[in-house]
Amino acid sequence: MNEVIRCGWCGTDPQYVKYHDEEWGKPVYDDQTLFEFLILEGAQAGLSWITILRRRESYRAAFAGFDVQKVAAFTGADEECLMNDTGIIRNRLKVKAAINNARLFLAIQEEFGSFSDYIWGFIPDRKPIVNSRASLKDVPARTEISDAISKDMKKRGFKFFGTTICYAHMQATGMVNDHIEGCISK
């Protein structure tokens, strides 16, 4: 019987395996999903992805189903509610950044027609970059493209979206496919 090969980072946790098999590296052009990953990747800064993945449904509830219009309208009272929500990471800087980033996300939608058009515009031909990686050690933490996106987004005022977080966002949303050679999701 042939052994199923997956990228080693997902381990055997069923939730992680499902995320790896069904989402990671699959191209996303939908603004709501791109916003969801913007929130989740920002929350993940300094933590493991599984920590956030396990809280994903709590984030969905706390952040109005990842409705960017609603999150952009959050008030100081909403921020305080988030700070008391044990289902999410209660880091004030990350909470403030999520609300701030929602407002900036709307500005990008206004300027470019969609956030998808904006962010995919950094990718040659707007097609996923499919990399050939022999092992996890061959996967970079950042690239020139993630540097450029991060730099532009920082200039626009985004928080918790440095080049490493940006590259993770690119992987999560399929802008790049870094599944290792032989992986069932390649």
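These legends go with close-up views of aromatic pairs, an aromatic cluster and a pocket in a predicted model.

**View 1. F112 and Y118 make a tilted ring pair.** The structure has 14 aromatic pairs in total. In the F112–Y118 pair, the planes sit at 55 degrees, so the pair falls in the tilted class, with 5.0 Å from one ring centre to the other. The two partners differ in how much they show: F112 is partly exposed at 34% relative accessible area, while Y118 comes in at just 3%, so Y118 counts as buried, the cut-off being under 20%.

**View 2. Y118 also pairs with F122, edge-to-face.** Here the planes are 90 degrees apart and the centres 5.3 Å apart. F122 has a relative accessibility of 27%, so F122 is partly exposed. Y118, as in the previous view, is buried.

**View 3. Six aromatic residues gather in one cluster.** Look for W9, Y16, Y19, W24, F37 and W49, which together form a single aromatic cluster. Keep an eye on W24, as the next view comes back to this residue.

**View 4. The largest pocket has a volume of about 400 Å³.** It is lined by 17 residues, and the closest to its centre are W24, Q44, T164, A168 and Q171. Two elements each give two or more residues to this lining: α2 (31-44) and α10 (163-172). α10 supplies the largest share, with five residues. As for chemistry, the lining of the largest pocket breaks down into twelve nonpolar residues, four polar ones and one charged.

Definitions and conventions. Residues are numbered from 1 along each chain as its sequence is written. This is a predicted model: local features need pLDDT of at least 70, side-chain atom pairs count only at pLDDT 80 or more; totals for chains, interfaces and linings use all residues. Side-chain values use heavy atoms; hydrogens and water are left out. Rings of Phe, Tyr and Trp (its six-membered ring) pair if their centres lie within 6.5 Å; planes under 30 degrees apart count as stacked, over 60 as edge-to-face and the rest as tilted. Buried means under 20% relative accessible area, exposed over 50%, partly exposed in between (1.4 Å probe, protein chains only). On a 1 Å grid over the protein atoms alone, a cavity is a set of points where a 1.4 Å probe fits but cannot get out, and a pocket is an open set with protein on both sides within 12 Å along at least five of seven lines; lining residues have an atom within 4 Å of a point. Grid points are joined across faces, edges and corners, and a volume is the space filled by probe spheres set on the points. Helices (H or I, at least four residues) and strands (E, at least two) are DSSP runs, numbered from the N terminus. Ala, Val, Leu, Ile, Met, Phe, Trp, Tyr, Cys and Pro count as nonpolar, Asp, Glu, Lys and Arg as charged, and the others, Gly among them, as polar.
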